[in-house]
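This report describes the fold and the packing of the protein shown below. It takes up the sheet, the helix across it, the nonpolar core and selected residues.

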Amino acid sequence: MTNETDDALEFLRTRGSGALAAKMGIEFTEFTVQRSVATMPVEGNTQPAMLLHGGANVVLGESLGSMAANLFAGPGKLAVGIDINATHTRSATEGLVTGVCTPIHLGRSLTVHEIAVTDEQGRRCSTIRITNLIKDAPTG
């Protein structure tokens with residue numbers, strides 16, 4: 001018998017995290033309904049001033065929040081993002097950033113997650129909040 005973590009990792013392997021997440025180098029290291037973690041390199045995801053692009057932080061946050069919402073939604077359901085916002089408080093310039101996603105609300109039709117993005121020194125760079133709508137998955 002598998003545990004929740006094994007089932008969640010199998011879901012992630014089967015579904016995948018998407019082409020954009022792959023292009024940006026996002027790698028999931030932990031994946032459950034209650035906590036999802038992924039890393040992303042700064043290199044290759046910078047703005048002209050060589051700082052991590054704020055939009056890259058948002059992609060990391062949306063990847064984590066949407067995947068977690070879909071895991072929670074379960075078979076036959078699809079979670080789609082309907083609102084996302086980000087506050088950037090520090091700029092990463094090298095190494096990896098880590099996003100930690102935790103649920104704020106897990107309901108029948110909506111989920112809300114917070115994602116804290118930190119640099120390698122553990123300093124918070126961005127705080128992201130995403131709301132997903134849970135609906136029936138398309139058939140056929």
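## Central strands of the sheet

Strands S4 and S5 run antiparallel and are joined by 8 bridges. In this pairing Gly99 faces Val117 of S5 across the strands. The connection from S4 to S5 is a hairpin of 3 residues. The model under discussion is a predicted one.

On another side of the pairing scheme, S2 and S4 are also antiparallel, with 6 bridges between them. Here Met40 stands opposite Val97 of S4.

## The whole sheet

These strands belong to an open sheet of 6 strands, ordered S1-S2-S4-S5-S6-S3 and paired in the antiparallel sense. Its edges are formed by S1 and by strand S3 (77-88), each of which pairs on one side only. On average, and with direction ignored, neighbouring strands are turned by 25° against each other.

The edge strand S3 is held to S6 in an antiparallel pairing of 11 bridges. Within that pairing, Asn85 has Arg129 of S6 as its bridge partner.

## The helix across the sheet

Helix H3 lies across S1, S2, S3, S4, S5 and S6, and runs at about 40° to S6. Which residues does Leu60 touch, leaving aside those up to four places away in sequence? Its contacts are Ile26, Ala38, Met40, Val97, Thr98, Gly99 and Val117. Two of these, Met40 and Val97, are the residues that stand opposite each other between S2 and S4. Another two, Gly99 and Val117, stand opposite each other between S4 and S5.

## The nonpolar core

The largest nonpolar core holds 27 residues, and the members that touch the most others are Ile26, Phe28, Met40, Leu60 and Val97. Two or more residues each are given to this core by helix H1 (4-15), strand S1 (27-31), strand S2 (36-41), helix H3 (54-73), strand S4 (96-106), strand S5 (110-118) and strand S6 (124-136). H3 makes the largest contribution, with 7 residues.

## The aromatic pair

How many aromatic pairs does the model contain? The count comes to 1. The pair consists of Phe28 and Phe31, arranged edge-to-face with 5.6 Å from centre to centre and 85° between the planes. Both Phe28 and Phe31 are buried. Phe28 is also among the core members that touch the most others.

## A buried and an exposed residue

Thr111 is placed in strand S5. Is this residue buried or exposed? Thr111 counts as buried because its relative accessibility is 0%, the limit for this class being under 20%. Not counting residues up to four places away in sequence, Thr111 touches Ala69, Phe72, His105, Leu106, Ile130, Thr131, Asn132 and Ile134.

Gly122, by contrast, lies in the loop between S5 and S6. Gly122 counts as exposed because its relative accessible area is 52%, and the exposed class begins over 50%. From C-alpha to C-alpha, Gly122 is 27 Å from Gly18, and the two are 104 residues apart in sequence.

Conventions: Residues numbered from 1 in each chain as written. Predicted model: local features only at pLDDT ≥ 70, side-chain atom pairs only at ≥ 80, totals over all residues. Heavy atoms only, no water. Core = buried A, V, L, I, M, F, W, Y, C linked by side-chain atoms within 4.5 Å. Buried < 20%, exposed > 50% of the residue type's maximum accessible area, 1.4 Å probe, protein only. Helix = DSSP H or I, 4+ residues; strand = E, 2+ residues; numbered from the N terminus. Contact = heavy atoms within 4.5 Å. Phe/Tyr/Trp six-rings, centres within 6.5 Å; stacked < 30°, edge-to-face > 60°. Pairing = 2+ DSSP bridges. Axes fitted to C-alpha atoms, helices over the stretch in contact; angles between N-to-C directions.
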